[in-house]
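Reader: I would like a close look at one part of this model, namely any charged side-chain pairs, and then at how the surroundings fit together. Please start with the vocabulary I need for judging how open a side chain is to solvent.

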Amino acid sequence: MKKILIALLTVYLTACSSSDTPRYYQLTTPPGGALTHTSSTVLGQQPKCLWIQSINLPDALAGTGIAFQTSDVQYRIAEQNLWASPLDQQLQQSLVTNLSNLLPNWLVTNTLTDGQPDSLTVTITAFQGRWDGHALVKGYWLYQHQEETTRQPFEIVVPLKDDGYQALVQALSSAWYQEAQQIASRLNDE
């Protein structure tokens with residue numbers, strides 16, 4: 001009888017431990033957002049070039065776990081809900097894709113090109129879910145055009161449509177796209 005109980009306990013513990021399979025998440029782009037427009041020559045002129053130089057993250061966000069703020073001062077980094085690729089790379093690539101679509105007369109790239117392209121550096125200070133059911137994306141960007149530098153802070157809060165990490169990643173993606181729209185609007189005004 002003891003052997004049967006030990007065997008059942010072993011099976012139970014094995015079943016419980018196998019439910020801890022990590023889940024991986026990738027930022028999304030808006031419908032049709034993955035199809036980037038190709039910049040072309042406009043009236044004999046080359047398109048403006050924008051180099052997305054870097055996306056800077058604090059150490060807490062640079063790891064693989066998705067961040068969740070549990071109170072005003074406390075954070076939790078997920079151990080089983082992870083980014084599918086480094087977050088800074090996802091943010092940079094989605095920003096290139098989104099700005100390419102939002103700025104069709106610009107060549108937006110994450111690779112330094114010949115000449116003196118305008119450059120954009122983004123520093124993220126918050127990219128997480130919150131205890132109040134919202135996603136928070138906060139930071140600032142620096143836009144360098146010739147000898148001029150513009151610094152623009154941003155803070156975007158998006159409500160989660162549902163519980164769970166999938167809803168959180170979708171809300172973070174939406175907030176990041178909203179910031180891309182604000183950047184595009186600002187650059188069009190320059």
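Author: A residue is called buried when its relative accessible area is under 20%, exposed when it is over 50%, and partly exposed in between. Lys-138 has a relative accessible area of 35%, so it falls in that middle class and counts as partly exposed. Please keep in mind throughout that this is a predicted model.

Let's stay with Lys-138, since it is a good place to begin. What is its salt-bridge partner, and how far apart are the closest N and O atoms? The partner is Glu-155, and the closest N and O atoms are 3.9 Å apart. With a cut-off of 4 Å for a salt bridge, the pair qualifies. It links distant parts of the chain: Lys-138 belongs to strand S7 (residues 134-145), Glu-155 to strand S8 (residues 148-159), and 17 residues separate them.

Between those two strands there is a loop, and Gln-146 is found in it. Gln-146 has a positive phi of about 55°, although it is not a glycine. Is this residue buried or exposed? Its relative accessible area is 61%, so Gln-146 is exposed.

Another charged side chain has an aromatic ring for company: Arg-151 lies over the face of Tyr-140, at 3.9 Å from the ring centre.

How many salt bridges does the structure hold? There are 2 of them. Besides the Lys-138 pair, Arg-130 forms one with Asp-132, where the closest N and O atoms come to 2.7 Å. The two partners of this bridge fall into separate accessibility classes. Arg-130 is buried, because its relative accessible area is 17%. Asp-132, at 33%, counts as partly exposed.

From the charges we can turn to the rings. The structure holds 2 aromatic pairs. In one of them, the ring centres of Tyr-25 and Tyr-165 are 6.4 Å apart and the planes meet at 40°, so the pair is tilted. This pair also links distant parts of the chain, with Tyr-25 in strand S1 (residues 23-25) and Tyr-165 in helix H4 (residues 165-189), 140 residues apart. Tyr-25 counts as buried, at 14% relative accessibility, whereas Tyr-165 is partly exposed, at 22%. The other pair is made by Trp-83 and Phe-127, whose ring centres are 6.2 Å apart and whose planes lie at 50°, so this pair is tilted as well. Trp-83 sits in strand S4 (residues 75-83) and Phe-127 in strand S6 (residues 118-130), 44 residues apart. Both of these rings belong to buried residues.

Strand S6 brings us to the strand pairing. S2 and S6 run in the parallel sense and are joined over 6 bridges. Within that pairing, Ile-55 has Val-122 in S6 as its bridge partner. Strand S2 (residues 48-56) also pairs with strand S5 (residues 106-109), again in the parallel sense, over 4 bridges. There, Trp-51 stands opposite Thr-109 in S5. A general point helps when you follow side chains along such strands: in a regular strand they alternate between the two faces of the sheet.

A helix residue is worth a look too. Ser-94 is found in helix H3 (residues 87-102), and it is buried, with a relative accessible area of 8%. Leaving aside its neighbours within four places in sequence, Ser-94 is in contact with Leu-27 and Trp-176.

Stepping back to the whole chain, there are 4 helices and 8 strands, in the order α-β-β-α-β-β-α-β-β-β-β-α. Of the 190 residues, 38% are buried. Among contacts with a separation of 6 or more, 68% join residues 24 or more positions apart.

How far can you lean on each stretch? The mean pLDDT of the chain is 86, and 82% of its residues reach 70 or more. Over residues 5-18, pLDDT stays under 50, and the model has 0 contacts beyond four places in sequence for them. Residues 37-43 also stay under 50, but for that stretch the model has 11 such contacts.

Conventions
Residues numbered from 1 in each chain as written. Predicted model: local features only at pLDDT ≥ 70, side-chain atom pairs only at ≥ 80, totals over all residues. Heavy atoms only, no water. Phe/Tyr/Trp six-rings, centres within 6.5 Å; stacked < 30°, edge-to-face > 60°. Buried < 20%, exposed > 50% of the residue type's maximum accessible area, 1.4 Å probe, protein only. Lys NZ or Arg CZ within 6 Å of the ring centre and 35° of its normal. Contact = heavy atoms within 4.5 Å. Pairing = 2+ DSSP bridges. Salt bridge = Lys/Arg side-chain N within 4 Å of Asp/Glu carboxyl O. pLDDT = per-residue confidence, 0-100.
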